[in-house]
Structure formats: structure tokens, C-alpha cells
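Could you walk me through this structure with a few exercises? I am new to it, so please give a worked solution after each task.

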Amino acid sequence: MLRSFQEEKWSKSTLVLAGHGSLYNPDAALPVYINAEKIRRKKLFKNVYETFWKEEPSFHQTLLSIQSPFIYVVPFFLSHGFFTEKVIPAEMELNGAYSKKGEKIIGYCKAIGENPRVADIIIKTVNQTLNFLDKEGYAPEERDLLLVSHGTRKNAQSKMTAYSQLELIRKSNLFRECHVLFLEEEPRISRWKEYVKSRFVFTVPFFISEGDHSYVDVPRLMGLEVKKGLAFSHNPQYIDGFYLCYTKAVGTLDEIDQVVVEQVAQFDECFGILAEMAC
């Protein structure tokens with residue numbers, strides 16, 4: 001449980017959730033808005049704002065408009081890579097984890113995908129699916145897990161977050177095989193049958209939103225139904241001798257709001273509470 005004095009200090013600060021967003025898909029920003037609202041209701045911070053790379057309000061505009069002297073920025077991204085290392089710091093003119101802009105002190109937290117709790121949330125989601133399968137008369141004694149992510153050759157660091165979460169999931173001993181597969185680099189999602197050994201395969205989209213990647217691209221590469229909404233609600237789907245269970249995108253799962261708050265707490269542990277830095 002968070003210490004009360006820390007919450008008191010947070011009440012003087014503003015929290016900013018920085019997401020990708022999209023000009024073409026309103027669902028892309030939805031997890032950011034939903035989790036910002038959940039945190040807003042906790043009344044931990046003076047204000048909670050959403051900001052985006054591909055839609056308004058922009059990263060630069062949001063930071064300029066905030067009047068609070070203490071600002072925590074949490075990247076609502078799963079991977080630590082191009083956006084968290086380059087785009088957000090450049091757009092917000094941040095200088096590392098701790099920045100001072102005039103009277104404002106800004107703490108730049110780690111991306112939500114770097115929090116170990118994400119692995120626990122994924123395991124919890126799979127267990128919920130297992131309970132559903134049990135009620136439907138299935139008994140998957142052995143099961144495999146595929147964590148499907150974007151990947152990019154532009155930033156080698158980008159895929160490491162998914163691998164870190166996979167190692168934590170592997171320690172649960174819940175699965176016979178655990179692998180990370182990617183859209184844009186090896187190992188490719190289209191080769192998923194080469195990596196599984198169990199009849200039941202749980203596929204978790206390591207994406208923030210239920211956008212085109214998790215709703216269209218990944219299901220198409222795996223042979224799942226691609227009609228929007230169908231892939232998530234028709235578990236399991238029988239494909240070439242395998243029972244595939246497809247979960248919701250990680251960024252849309254329950255408890256992600258707690259992950260955001262924990263990223264702020266982790267910043268405080270490493271660098272100190274922002275509101276105390278001005279004392």
C-alpha cells in the first residue's frame with residue numbers, strides 16, 4: 001500500500017499519460033482515456049491529463065498548458081524504444097528522468113510495459129480464459145503462450161520489453177512453451193505453428209489498444225477470424241489441429257491504471273518526490 005505522505009505530495013502534482021493515438025482509429029486512444037479517468041477518480045493527483053503523438057492534445061501543447069509546478073509524465077507505451085527514448089523527450093523538451101522548465105519540475109517515468117506487474121496481469125487474464133474453457137467443457141492439461149508484439153528494425157531496444165515480460169510469465173510454469181513473435185521482425189507471427197507444442201495456444205496481443213494490429217493484422221496472420229470483435233469473443237478457435245485462445249490487447253486489460261500509478265511511485269523511489277524537490 002502506498003504511504004499516505006506520498007499521496008499527500010502527489011495531491012500537489014499533475015499526472016500526464018502520454019500515448020500514441022491515431023488520426024484514423026478513435027479506439028487507439030481509448031485505453032489512455034479510460035485509465036486516466038480511473039486514476040482521476042482515485043483523487044491521488046491534483047490533475048490528470050491525456051496527451052498523444054498522433055492526435056490532439058499534442059505532447060508539446062499539453063506540457064505548455066499545464067500550470068502545476070510538479071508534473072509526472074508516464075508513457076502509455078508497452079515498449080521502451082523509439083517513442084519513449086526519442087519522440088516524447090524531444091516533443092516535451094525533456095532532459096532525462098528529471099527536467100526543470102521555468103517554475104515547472106517534470107518527472108519522466110518509465111513506460112507502463114516495463115512494470116513487472118504487466119506479466120501478472122497477463123497471467124491473470126489467461127487464468128480467466130482457462131476458467132471459461134473449463135465451463136465450456138474443455139480441459140487443456142498443457143498449454144502454450146504466444147506474446148505477439150509489433151517489433152521494429154528501427155530500434156533494437158523496442159522488443160526487449162516484451163522479452164522481459166515473457167521471462168516473468170515463463171517462471172509461472174503455467175505454460176509448456178512461451179514465445180514472443182513479431183509483426184515486423186523475426187521471429188514472425190506468421191510462423192507461429194513452428195513454436196507451439198500444445199493443442200491449446202493462448203495468444204496475447206502485446207499492444208496498447210484494440211486497433212488494426214490486434215484486431216486485424218495478428219488474427220489474419222494466425223488464421224483467426226478477422227471480423228472486428230469476433231476474435232476476442234469466440235475462444236477457442238480450432239485451426240489446423242490447435243485450439244487458439246485470443247485475449248484482449250494488454251493495454252485494455254484490468255489493473256493497467258494501477259501500473260501507471262506504480263510507475264510514478266517507482267520514479268519517486270529512484271529520484272525523490274517532485275513536490276519535495278522544490279523545498
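**Exercise 1. Find out how strand S9 (residues 237-239) is joined to S10, and in which sense the two run.**

Step 1. Count the links: three bridges join S9 to S10, and the two strands run antiparallel.
Step 2. Pick out a pair: Gln-237 has Leu-244 in S10 as its bridge partner.
Step 3. Look at the turn. The hairpin of S9 and S10 has two residues between the strands, and Asp-240 there takes a positive phi near 50 degrees.
Keep in mind throughout that this is a predicted model.

**Exercise 2. Work out which strand pairs with S10 in the parallel sense, and over how many bridges.**

Step 1. The parallel partner is strand S8 (residues 200-205), which pairs with S10 over four bridges.
Step 2. For a landmark, find Phe-202, which stands opposite Cys-245 in S10.

**Exercise 3. Decide which way the side chains of S10 point, and whether they are buried or exposed.**

Step 1. Start with a general idea: in a regular strand the side chains alternate between the two faces of the sheet.
Step 2. Now sort the residues. Phe-242, Leu-244 and Tyr-246 point one way from S10, while Tyr-243 and Cys-245 point the other way.
Step 3. Check the cover on each side: all of these residues are buried. Strand S10 (residues 242-246) is thus described as mostly covered, with five of its five residues buried.

**Exercise 4. Describe the largest pocket: its volume, its lining and the elements that contribute to it.**

Step 1. The space in the largest pocket comes to about 1000 Å³.
Step 2. Its lining holds 35 residues, and those nearest the centre are His-20, Phe-83, His-150, Phe-207 and His-213.
Step 3. Two or more lining residues come from each of helix H4 (82-92) and helix H7 (212-222).
Step 4. Sort the lining by class: twelve residues are nonpolar, 18 are polar and five are charged.

**Exercise 5. List the buried residues of H4 and say what they pack against.**

Step 1. Thr-84, Val-87, Ile-88, Pro-89 and Met-92 are the buried residues of H4.
Step 2. Their packing partners include strand S1 (14-19), strand S2 (47-52) and H3. Strands S3 (70-75), S4 (98-101) and S5 (104-108) are also among the partners.
Step 3. Follow the chain onward: just after H4, Glu-93 takes a positive phi of about 55 degrees.

**Exercise 6. Place Thr-62 and Gly-211, and find what each one touches.**

Step 1. Thr-62 sits in helix H3 (residues 59-65). Its relative accessible area is 5%, so Thr-62 is buried.
Step 2. Leaving out residues up to four places away in sequence, Thr-62 touches Val-16, Tyr-49, Glu-50, Thr-51 and Pro-57.
Step 3. Gly-211 belongs to the loop between S8 and H7. With a relative accessible area of 8%, Gly-211 is buried.
Step 4. Setting aside neighbours within four places in sequence, Gly-211 is in contact with Asn-25 and Val-216.
Step 5. Try one distance as well: Gly-211 and Ala-249 are 38 residues apart in sequence, and their C-alpha atoms are 8.9 Å apart in space.

**Exercise 7. Step back and judge how compact the whole chain is.**

Step 1. Take stock of the parts: the chain has ten helices and ten strands.
Step 2. The radius of gyration is 20 Å, close to the 19 Å that the globule rule gives for 279 residues, so the chain is as compact as a globular protein of that length.
Step 3. Buried residues make up 53% of the 279 residues.

Key
Residues are numbered from 1 along each chain as its sequence is written. This is a predicted model: local features need pLDDT of at least 70, side-chain atom pairs count only at pLDDT 80 or more; totals for chains, interfaces and linings use all residues. Side-chain values use heavy atoms; hydrogens and water are left out. On a 1 Å grid over the protein atoms alone, a cavity is a set of points where a 1.4 Å probe fits but cannot get out, and a pocket is an open set with protein on both sides within 12 Å along at least five of seven lines; lining residues have an atom within 4 Å of a point. Grid points are joined across faces, edges and corners, and a volume is the space filled by probe spheres set on the points. Ala, Val, Leu, Ile, Met, Phe, Trp, Tyr, Cys and Pro count as nonpolar, Asp, Glu, Lys and Arg as charged, and the others, Gly among them, as polar. Buried means under 20% relative accessible area, exposed over 50%, partly exposed in between (1.4 Å probe, protein chains only). Two strands pair if DSSP finds at least two bridges between them. The radius of gyration is taken over C-alpha atoms; the globule rule is 2.2 Å times the number of residues to the power 0.38. Contact means heavy atoms within 4.5 Å.
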